[in-house]
Amino acid sequence: MLRVNRIYGPQERWQRESVFAADFQGGCWRERTSVYRISRWETAKVRVPYLAVRRYEELLQLPAHRLVVLIDTMYRYSAQVPGAEPLLQRPPYRDGPATAERMDELLEAVQSDDVVNGDQWDELTALLVGAGQVMLPRSTWAHLADRLLAEMIVADGVAWAQRYEALNRLLAHPLGQQPAVAACASLAADRTNQVFVETVSVLDGSPHPDAAAHVLQQLVHPTNDRAQYGALLACVRKLRYGHFTEPQVRRLVPIVNEFATDPAYYEDTRLLAAELIRQIPADLPADVRRRIRQTASQAVAHRPGPETAPRRAFSERIANTTVAGMVREALRFPDKLLPDLIEEMVFSPVFDVRLYAALLLFGTPYRASLAAALAIELVDQVGGGGSEVARALIEALRILGSEKQRPLIERLTIAAGMPHPITLAAASAIGHIGGTSPDHYWTRAIDQHAGDWHRTRRETSASALDALIYGLGITRNMAVLRRVRARPDIPPPAQTAAGWWLNLPTSVYESAKR
């Protein structure tokens, strides 16, 4: 991410590391920097310091903390050992009254109705984890977790990533973890809540026994399908980190086996379960390991993929199209990692892996050219009947797309004869993709799926309505939400969903935009 931003940055001469290193000193970075150091940062031979990332942002004229939060998020997901502190280590906070006063200011803002932006959440939680055993009333920890979670689930883009990282710090904090776990569990059990997957899946970052217990509870007795899928996602990292006890792992095996082989579950659920099977610890009884291997083999045999070309060729084609669309040619930089990231973004069976690959690419100048290439491929896949690949491409455009790709996603939400996975993926993406949609689009889409629900009572139409209402909420279109809530022809759950978005506290809604 650092290298691509430098090479395609505002000054073409920075393609040469020696020139960039010569210009690096200044702003927040006081030291002279060598070509060797720049190279080691950009190739991940050594961990890049926080202030160096901030200097990249300054020199490359990027929004403050744009690269910081994305690196924080990547480090957090891929860390070998979870912890409360951000792995992109901040400079030491100064001791004394000034630090305590700043923490008090931030705590007061969070506990009031003030607007709190992502940078403030980053600063507050970094102070809390840096201060060690800071003594706060349990009610204060609970309020912090409740508000942070409420903002995270209605935020988008960088604002979401900052709050996600901040919540993970609380989930691993010695004193903050229990209130944070309790906040997630309580919201996940609330059937009126409208955002379940990340509410449950974020528990993957907590080593507290309550987190593992709640994840298993949502697998066996889920609030709904979305909460259950979030629990399955949480198991990926919880297995990696050894958060489950041996009895819990034994209990998990038949549950995951069922997800992987039962055709009643959605395709992405079955594929995710098959991937989890590979992570089950090897020190289980032989008969259990044998069932695991058989289930994994069955699931892999039915894994979908592109029908006309191997995945690698597919990914390299998209990568070549993306590079060809860049503003300048980078002769000295053949990007061998780009096809890998595209392959992960489209074909990984783990939703979080697809998400983080897209987020990493979002933080590079590739974003616009890649989105254009994905949109062209999406049209071809839809026309050729490639529903699974098309769904993954829509998911990627949810992160990478701009107002240029928005009309395509709009059309897919209302196009007649579309396979349900494509319609639902498009409806789920419309709230996040760049740009805005006029009210007449929202009205038409709601009319179409509400009418279909009245004629057929199909669950697929109700799901599309829920996704569209989610999009209205994320884009804060209160006028259309109020009209939806008042319509007698809308299914009661959809009316409830519209009301949930309309009743969110103003401080939460306004803060989540920043």
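Helix H18 tucks away a good number of its residues: Leu338, Pro339, Leu341, Ile342, Met345, Val346 and Phe347 are the buried ones. What covers them includes helix H17 (311-324), H19, helix H20 (367-384) and helix H21 (387-400). Keep in mind that this is a predicted model. From H18 we can move on to the cores, a second helix, the empty spaces and a few backbone oddities.

**The nonpolar cores**
- The largest nonpolar core has 149 residues, and the members that touch the most others are Leu144, Met345, Leu378 and Trp501.
- Met345 is also on the list of buried residues of H18.
- Who does Leu378 touch, leaving aside its neighbours within four places in sequence? Its contacts are Ala390, Leu393, Ile394, Leu397, Leu408, Ile409 and Leu412.
- Apart from the largest core lies another one of 20 residues, including Trp14, Val19, Val53 and Tyr56.
- As a bit of background, nonpolar side chains tend to be buried together in soluble globular proteins.

**Ala429, a buried residue**
- You'll find Ala429 in helix H23, which covers residues 420-429.
- Is Ala429 buried or exposed? With a relative accessible area of 1%, Ala429 counts as buried, because the cut-off for that is under 20%.
- Not counting residues up to four places away in sequence, Ala429 touches Ile394, Arg398 and Ile409.
- Two of these, Ile394 and Ile409, turn up among the contacts of Leu378 as well.
- Ala429 and Ala358 sit 71 residues apart in sequence, and their C-alpha atoms are 14 Å apart in space.

**Helix H3 and its buried side**
- In helix H3 (residues 35-42), the buried residues are Ile38, Trp41 and Glu42.
- These three are on the same side of H3, because they cover an arc of only 90° around the axis.
- The general pattern behind this is that an α-helix has 3.6 residues a turn, so residues three or four places apart point the same way.
- Packed against the buried residues of H3 are helix H1 (2-7), helix H2 (17-24) and helix H4 (50-59).

**Cavities and a pocket**
- How many cavities of 30 Å³ or more are there? The count comes to two.
- The second largest cavity has a volume of about 40 Å³, and its lining is made of His65, Val68, Val69, Asp72, Arg90, Asp122, Gln162 and Glu165.
- Helix H5 (66-78) and helix H9 (157-172) each give two or more residues to that lining, with H5 providing the largest share, three residues.
- Sorted by class, the cavity's lining has two nonpolar, two polar and four charged residues.
- Now for the second largest pocket, which has a volume of about 990 Å³. Of the 34 residues lining it, Met1, Ala44, Leu337, Leu341 and Leu360 are the closest to its centre.
- H1, H3, H5, helix H18 (337-347) and helix H19 (351-362) each give two or more residues to the pocket's lining.
- That lining breaks down into 22 nonpolar, four polar and eight charged residues.

**Backbone oddities**
- Most residues other than glycine have a negative phi, but here are some that go the other way.
- Ala44, just after H3, takes a positive phi of about 60°.
- Arg457 has a positive phi near 55°, and its place is the loop between helix H24 (439-456) and helix H25 (459-474).
- Arg476 isn't a glycine either, yet its phi is positive at about 60°; it lies in the loop between H25 and helix H26 (478-486).

How values were computed. Residues are numbered from 1 along each chain as its sequence is written. This is a predicted model: local features need pLDDT of at least 70, side-chain atom pairs count only at pLDDT 80 or more; totals for chains, interfaces and linings use all residues. Side-chain values use heavy atoms; hydrogens and water are left out. A nonpolar core is a set of buried Ala, Val, Leu, Ile, Met, Phe, Trp, Tyr and Cys residues joined through side-chain atoms within 4.5 Å. Buried means under 20% relative accessible area, exposed over 50%, partly exposed in between (1.4 Å probe, protein chains only). Contact means heavy atoms within 4.5 Å. Helices (H or I, at least four residues) and strands (E, at least two) are DSSP runs, numbered from the N terminus. The arc is that of the directions from the helix axis to the C-beta atoms. On a 1 Å grid over the protein atoms alone, a cavity is a set of points where a 1.4 Å probe fits but cannot get out, and a pocket is an open set with protein on both sides within 12 Å along at least five of seven lines; lining residues have an atom within 4 Å of a point. Grid points are joined across faces, edges and corners, and a volume is the space filled by probe spheres set on the points. Ala, Val, Leu, Ile, Met, Phe, Trp, Tyr, Cys and Pro count as nonpolar, Asp, Glu, Lys and Arg as charged, and the others, Gly among them, as polar.
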